[in-house]
Amino acid sequence: MEHPIIAFPSENRIEWSYRREDSVMLLLELIEKNLLLLQGNPFVFLVDIRLIRYILPDDKKIIFQLIHQIKSHGLVGLAYLVDFRNYIRMQTLISLNQLPFKEVVFKREDEARKYLNDLITDSLKKCIL
C-alpha cells in the first residue's frame, strides 16, 4: 500500500492523499518523518482530496489537525486538489468549513503543482535575497 503522505525534498513539497480509513496517529507519524526529509527547508503542501465528495466533520477535524501540525515547520503555502466532477461543490464546502487556505482549490493536478512550484520558487528567491 502506498503511503498517504509523501515528501519530495528536491521540490520542497509534501503531498497528502486523503483517505478516510487512515488513522490520525499514522498521519501524524508520517508527517513527522516527511518533515525530517525536508531538513527544515520551507515547503508547500498539496492536499489531494479527490477521493471524497463531501467534507464530513471528521474530515474537517483531521485536515485542521494535520495542517496545524505542519504550520510551524516552514509551510509556505497549500493547495487542495479536488475531483473535477465535484469542483464547485468541494470549493464551496472548503470555504464553508473555513479550511486553511480555503481560496486555493484546483481541479487539475498540473495546475495545482504549478501554483505550488511558483509559490516555493518565489519564497526561496526571497530567502536568498
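Which residue in strand 3 is the bridge partner of serine 17? The legends below address this and other views of the predicted model.

**View 1. Pairing of strand 2 with strand 3 in the predicted model.** Strand 2 (residues 13-17) and strand 3 (residues 43-48) run parallel and are joined by 5 bridges. Aspartate 48 in strand 3 is the bridge partner of serine 17.

**View 2. The open sheet of 5 strands.** The strand order is 1-2-3-4-5, and the pairing is mixed. Strand 1 (5-8) and strand 5 (105-106) form the edges, each pairing on one side only. In general, the strands of a sheet pair through backbone hydrogen bonds, either parallel or antiparallel.

**View 3. Helix 4 across the sheet strands.** Helix 4 comprises residues 109-128 and lies across strand 2, strand 3, strand 4 (75-81) and strand 5. Relative to strand 4, helix 4 runs at about 175 degrees.

**View 4. Packing of helix 1 with helix 2.** Helix 1 (residues 24-37) packs with helix 2 (residues 57-71) at an angle of about 25 degrees, and their axes are 11 Å apart. Because angles under 35 degrees count as roughly parallel, the two helices are roughly parallel to each other. Their crossing is right-handed.

**View 5. Residues in the contact of helix 1 with helix 2.** Helix 1 contributes Val24, Leu27, Leu28, Ile31, Glu32 and Leu35, which meet Ile62, Gln65, Leu66, Gln69 and Ile70 of helix 2. By class, this contact has 8 nonpolar, 2 polar and 1 charged residues.

Key
Residues are numbered from 1 along each chain as its sequence is written. This is a predicted model: local features need pLDDT of at least 70, side-chain atom pairs count only at pLDDT 80 or more; totals for chains, interfaces and linings use all residues. Side-chain values use heavy atoms; hydrogens and water are left out. Two strands pair if DSSP finds at least two bridges between them. Helices (H or I, at least four residues) and strands (E, at least two) are DSSP runs, numbered from the N terminus. Contact means heavy atoms within 4.5 Å. Axes are lines fitted to C-alpha atoms, for helices over the stretch in contact, and angles run from 0 to 180 degrees between N-to-C directions. Angles under 35 degrees count as roughly parallel, over 145 as roughly antiparallel, 65 to 115 as roughly perpendicular and the rest as oblique. A crossing is left-handed if the near helix is turned anticlockwise from the far one by less than a right angle, and right-handed if clockwise. Ala, Val, Leu, Ile, Met, Phe, Trp, Tyr, Cys and Pro count as nonpolar, Asp, Glu, Lys and Arg as charged, and the others, Gly among them, as polar.
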